[in-house]
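Reader: I would like a close look at a single part of this model. Please walk me through it in short steps, then set it in the context of the whole chain.

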Amino acid sequence: MICTCGNDRFIGHQIIRADVIVGADGSFLENVTDRLEDSIYDAEKPYGPFTCTACGREYDELR
Ligand SMILES: [Zn+2]
């Protein structure tokens with residue numbers, strides 16, 4: 001999809017799963033590395049609302 005401003009990049013939302021460091025009780029302590037993206041092992045399909053990176057216009061769906 002192309003935004004009315006001519007841009008084709010949007011900010012969406014995505015659920016990810018990542019390896020993390022946990023304590024003795026299993027609770028989250030910190031990320032494995034400073035770069036969270038290096039620890040991601042699964043990611044779901046991005047969902048809206050989507051915001052145009054150029055003009056900020058918001059869309060519920062991209063089509
Ligand atoms: Zn736009």
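Author:
**Strand β6 and its surroundings**

G48 lies in strand β6. The model is a predicted one, and every value below is computed from it.

Start with G48 itself. Within 10 Å it has 14 other C-beta atoms. That makes G48 partly exposed, because a buried residue needs 20 or more and an exposed one has 12 or fewer. Setting aside neighbours within four places in sequence, G48 is in contact with G12, Y59, D60 and E61. L62 can be added to the picture by distance. The C-alpha atoms of G48 and L62 are 8.3 Å apart, with their positions 14 residues apart in sequence.

Next comes the peptide bond. From G48 to P49 it is cis, and omega is near 5°. Most peptide bonds are trans. P49, too, has its place in strand β6, so the strand label covers both ends of this bond.

Move along to F50. Its opposite number in β7 is Y59. Y59 has already come up, as one of the contacts of G48.

Now T51. This residue is found in strand β6, which covers residues 47–52. T51 has 16 C-beta neighbours inside 10 Å. It therefore counts as partly exposed. Outside its four nearest places in sequence, T51 is in contact with F10, I11, G56 and E58. Two of these names return in the strand pairing. I11 stands opposite T51 on one side of the pairing list, and E58 is the bridge partner of T51 in β7. G12 belongs in this account as well. T51 and G12 are 39 residues apart in sequence, yet their C-alpha atoms are 6.7 Å apart in space.

Those partners lead to the sheet. Strands pair through backbone hydrogen bonds, in a parallel or an antiparallel sense. Strand β1, residues 10–13, pairs with β6 in the antiparallel sense over 3 bridges. β6 also pairs with strand β7, residues 58–59, again antiparallel, over 2 bridges. Put together, 3 strands form an open sheet in the order β1-β6-β7, with antiparallel pairing. β1 and β7 stand at the edges, and each has a single partner strand, so one side of each is left without a neighbour in the sheet.

The link from β6 to β7 deserves a look. The two strands form a hairpin with 5 residues between them. G56 sits in the turn and has a positive phi of about 85°. Most residues other than glycine have a negative phi. G56 is also among the contacts of T51.

A second hairpin can be set beside this one. Strand β3, residues 20–22, and β4 pair in the antiparallel sense over 3 bridges. They form a hairpin with 5 residues between them, and G26 in the turn has a positive phi of about 85°. Within this pair, V22 stands opposite F28 in β4.

N31 gives a local view of β4. It lies in that strand, which spans residues 28–31. N31 has 14 C-beta neighbours inside 10 Å and so counts as partly exposed. Not counting residues up to four places away in sequence, N31 touches V20, L36 and S39. The C-alpha atoms of N31 and D19 are separated by 7.4 Å, and the two residues are 12 apart along the chain.

Last, the whole chain. It has 0 helices and 7 strands. From the N terminus, the elements run β-β-β-β-β-β-β. The radius of gyration is 16 Å, whereas a compact globule of 63 residues would have one near 11 Å. Along its principal axes, the C-alpha trace spans about 50 × 20 × 15 Å. Of the 63 residues, 3% count as buried. Contacts between residues 24 or more positions apart make up 54% of those with a separation of 6 or more. The pair of I11 and T51, opposite each other across β1 and β6, is part of the antiparallel pairing described above.

Conventions:
Residues are numbered from 1 along each chain as its sequence is written. This is a predicted model: local features need pLDDT of at least 70, side-chain atom pairs count only at pLDDT 80 or more; totals for chains, interfaces and linings use all residues. Helices (H or I, at least four residues) and strands (E, at least two) are DSSP runs, numbered from the N terminus. Two residues are in contact if their C-beta atoms, placed from the backbone, lie within 7 Å. Two strands pair if DSSP finds at least two bridges between them. The radius of gyration is taken over C-alpha atoms; the globule rule is 2.2 Å times the number of residues to the power 0.38.
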